[in-house]
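Okay, thanks for making time, everyone. I'd like to walk you through one model today, starting with the aromatic rings and ending with the pocket.

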Amino acid sequence: MTIQPAKLSDPAVRAFVGAVNAHDRDAFLALLTPDATMSDDGSDRDLAEWIDREIFSSHGHMEVDRESNGGRALVARYSNDAWGEMRTRWTFTVGEDGRIARFETGQA
């Protein structure tokens, strides 16, 4: 059963999913620390390039199936125009300021 984004436990992660699903790049970037990093399937990627390709230009969308680690780890069905739908895992490192310093994703 899908968890509605508004019901996600961690405020930063909740806002992250909301920004992805609303295709709101500005809101998404506001959630990240200036030096935020990310990885996809275990490899660090260029954050700006990856989010443009995998989320914003390809209409990314997350449907969260499960959360753990206080809401900072998700299993979600992620879809975009490039790859279709896939089962993915997401983990987040949230700084003291409440912004996301790192996220990691990959096939679940």
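So, how many aromatic pairs does the count come to? It comes to eleven. Keep in mind that this is a predicted model.

Let me pick out one pair, Phe16 and Trp90. Their ring centres sit 5.8 Å apart, which is inside the 6.5 Å cut-off for a pair. The planes are at 65°, and over 60 counts as edge-to-face, so that's what we call this one. The pair also links distant parts of the chain: Phe16 belongs to helix H1, residues 11-22, while Trp90 is in strand S5, residues 84-94, and they are 74 residues apart.

Both partners are buried, by the way. Phe16 has a relative accessible area of 0%, and for Trp90 the value is 1%; buried means under 20%.

Now zoom out a bit. Phe16 and Trp90 belong to a cluster linked by ring pairs, together with Phe28, Trp50, Phe56, Tyr78, Phe92 and Phe103.

On to the pocket. The largest one has a volume of about 170 Å³. Its lining takes in 13 residues, and Asp40, Trp50, Glu54, Met86 and Thr88 are the ones nearest its centre. You'll recognise Trp50 from the ring cluster. Which elements give two or more residues to that lining? Those are helix H3 (47-56), strand S4 (73-80), S5 and strand S6 (100-107).

And the chemistry of the lining of this largest pocket: five residues are nonpolar, five are polar and three are charged.

That's my tour, happy to take questions.

Conventions
Residues are numbered from 1 along each chain as its sequence is written. This is a predicted model: local features need pLDDT of at least 70, side-chain atom pairs count only at pLDDT 80 or more; totals for chains, interfaces and linings use all residues. Side-chain values use heavy atoms; hydrogens and water are left out. Rings of Phe, Tyr and Trp (its six-membered ring) pair if their centres lie within 6.5 Å; planes under 30 degrees apart count as stacked, over 60 as edge-to-face and the rest as tilted. Helices (H or I, at least four residues) and strands (E, at least two) are DSSP runs, numbered from the N terminus. Buried means under 20% relative accessible area, exposed over 50%, partly exposed in between (1.4 Å probe, protein chains only). On a 1 Å grid over the protein atoms alone, a cavity is a set of points where a 1.4 Å probe fits but cannot get out, and a pocket is an open set with protein on both sides within 12 Å along at least five of seven lines; lining residues have an atom within 4 Å of a point. Grid points are joined across faces, edges and corners, and a volume is the space filled by probe spheres set on the points. Ala, Val, Leu, Ile, Met, Phe, Trp, Tyr, Cys and Pro count as nonpolar, Asp, Glu, Lys and Arg as charged, and the others, Gly among them, as polar.
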